[in-house]
Amino acid sequence: MFFRMIFGTLVRQWKKMLMIAFTIALGSSLATAMLSVMLDVGDKVNQELKTYGANITVMPKESSVLSSLYEVEDGGTSGAYLREDELGKIKTIFWAFNIVDYAPFINAKVTLDDGSETSAVGTWFNHHMELPTGEMLDAGVTSMRSWWEVTDGKWLDEQITGSRNVAMVGTALAQRLGLKSGDTFHVAGAASDMQLEVIGIFDAGGEEDDRIFMPVDTAQTLGGLDGKIDSIEVSAITTPENELAIKAAKDPKSLTISQYETWYCTAYASSICYQIQEVITDSVAAPVRQVADSEGAILEKTELLMMLITILSLIGAALGICNLVTASVMERSAEMGLMKAIGAQNASVSGLVLTEILLTAAVGGSVGFFAGWGFAQIIGQTVFGSAITMRPVVIPIVAVLVLLVTLAGCIPAIRMLLRLRPAEVLHGK
Amino acid sequence: MKKRQMYFRMITASLIRRRSRMLVALLSIAIGATILSGLVTIYYDVPRQMGAQFRNYGANMIFTPSDGSFTQADIEDGRSYIESADIVGVTPYRYESVRIHELPVMAAGTDLTQAKLTSPYWSVEGEYPSGTGSLLLGASLSEQFRLFVGDTVTVSYTPEFDGRSEDETILDNTIDLTVAGVLETGGPEEDYVYLQLSDLEQLTGKSGEIDLAELSISANSDKLRSYAEKISSSVQALDARLVKRVTESETTVLTKLQALVLLVTVVVLALTMICVATTMTAVVTERRREIGLRKAIGASNGGIIKEFMGEGMLLGGLGGIIGSVLGFIFAQQVSVHVFSSSITFMPLIVPVTILVSVAVTGVSCLLPIRSATQIDPALVLKGE
């Protein structure tokens, strides 16, 4: 009988129930969309911030003290180098998955035909690698120099050019030498000299505009530096630093074992640096403060902003649902009065109302959940051009929220119903 | 006159007598309006506030000499082309090779108060030098020379040979400075020693020359580009260049962030407005009996619609006013908590919020009222 009554209400009053379900669906879709976006926004913005380039640099321990800010250095004379054959190991550390991209750099001093000297930088552009773990990997500076504007020709790709002697030339140098893409020019290094073919001209808006960029082997041949690397730039997704990370960065040994484990297993810039030092012989890995700190600050602000907006919209959705549930239950006072007049207990009347509303809420809530997931994807695709990852934690949060809000909406209405005097209601007061 | 008085009396009386029900409706409209005004305020303020965060990345424009070096006056000249509200910091740099413990070291003479503004990412162990007589030592130099915070160091400089008699020995200029702090950046700055420009000028005996100036300007890349062009063409001694890495990336990220807030605002607003509309519809629908009664005693459809709409819009207006105030408070709280700065009040948002809430409540009342007026009063009064 109970179920028949509920079923009867749902069928006969389908319009009203549909409206409640609709409002609950709207509320829950809002909650779902905002929660999913909020939980994923950190990762997404972090990806975007990678356009600032590397946030960790790896240098040899005994690197020259006098490498300079405005590139007055004479190109890799320090005598300390990293080993090229160890580069693959970076992708084997604990946080390998967080390393978005990385590239080695080797500087060689070269002399041009007009007698002027410049720096030839060997690096990876789109380097293909087979890792010791059997995985394949493509890495290089293309994504780490996203602000470079290729004004002529295209990005160098060593997988296409193969063993040809090719280079990308900075716009300032190209202008001075009158080079265009496709031209060849002669350079003499410390160990050998060769003709280089220009693949592209780039505008970096900085000191790099005066340099020649080429594949690692080419630069090594020019400088006679086989198997040697000056520095590695690593672009990694990191967690903003906290007190533990700052303490650990000073001296990992000062931590207790459990602190050490927490630190080691969190993607702080300092713990990733530490892990890189473990795999690369005689290296010092340091976070680039300019990038790492700013990333942390911006990430934190964005996450906080999204969280506050989410809370506001959750409150909005909750109050909206509450309102409507209260209004629609109160509306049925005549029906409830009649039930009480023919002898229904308070408990069974409340039970009836609650079950009806909760059933409606369950339907509305699940429809809303999927709609909200859709909204989140629309936001992800439009803003970041990639899907928003659905966190399983969103489902229980939304479910509990919808349940609580609906119950909260029912309480004042039910209290009113209990206070009803059947005679008054039926009289139509 | 009388008629209008009666009209207002009916509207207000209805709102007052049905207090609890109307409070529910008012609450829902006010929430909608709060979300509207709050989110729109945030949306407009985000680029400014976030832009300030992005200044963390440091200088986005540099002045280089078009030939040789330039002076402080040239910087002031170039600076005058930039709106002063946009300027976060301007730092002059002069580089000289000096010696510490008889080893050559690059020294940068600068205005360290400004440097803190243009390079906020510098992490200094110890104190930031405030006046003259102290210096900031790069971390790798600190390690190399075993010099730490509080130590005193003698910096020496060999003046350039100025063509006086050749056998006269040129004595080194020296200056004693305290290491106020050790600078960590993870970049090439760690190999430099930073001291006040006046100290460096005293040490070298040459003043007025500046090699480079870093500027941190909070503006988008188009505006920056136009500043750079204007300065390069108007100030002879200067060559203004953008730090492409910073400006380009900032534009990319900021555009995405603003798009994100916009989309979120639109989605939240659309959903909230529908919520408000359904609540209003529910509130009006339950008054079908009243409508029927009025019709039975001779009210015209137009009159009923007018009266109900008046009520709805009054609610809408009230909700809008409450919402604009709450929305501003919300936006202010967000701004203080997230960006720790207060928000700019935009007067335009208040009328817009009120208009939108009046319109939304109006439309959501109109539909159910119209369908209610079309039914037969007898049927409604009989109870369906």
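Start by colouring chain A by its domain assignment: domain 1 covers 2–47 + 296–426 and domain 2 covers 55–287, with bounds that come from an automatic or database domain assignment. The model is predicted, so local features need pLDDT of at least 70 and side-chain atom pairs count only at pLDDT 80 or more, while totals for chains, interfaces and linings use all residues. Residues are numbered from 1 along each chain as its sequence is written, chains are lettered from A and ligands numbered from 1 in the order in which they are written, and side-chain values use heavy atoms, leaving out hydrogens and water.

Place a centroid on the C-alpha atoms of each domain of chain A, and you will find the two centres 53 Å apart. Now do this for chain B, where domain 1 is 3–53 + 251–381 and domain 2 is 59–242; here the centres lie 57 Å apart.

Next, select the contact between the chains (heavy atoms within 4.5 Å). You should pick up 60 residues from chain A and 63 residues from chain B. Together the two chains bury about 5900 Å², 73% of it on carbon and sulfur atoms; this is the accessible area (1.4 Å probe) that two parts lose on being put together, summed over both.

Zoom in on Lys244(B) and Asp203(A): they form a salt bridge, with the closest N and O atoms 3.3 Å apart. The rule, a side-chain nitrogen of Lys or Arg within 4 Å of a carboxyl oxygen of Asp or Glu, finds two such bridges across this interface.

Which elements of chain A each supply at least two residues of the side that touches chain B? Select α2 (14–49), β14 (283–287), α9 (289–330) and α11 (346–384). The largest share, 23 residues, comes from α9(A).

Finally, show helix α10 (residues 301–339) of chain B, whose 39 residues reach 54 Å from first C-alpha to last, close to the 57 Å expected at 1.5 Å a residue. Just after α10(B), stop at Ser340(B), which takes a positive phi of about 45°.

Technical notes: Helix = DSSP H or I, 4+ residues; strand = E, 2+ residues; numbered from the N terminus. Expected span 1.5 Å × (residues − 1).
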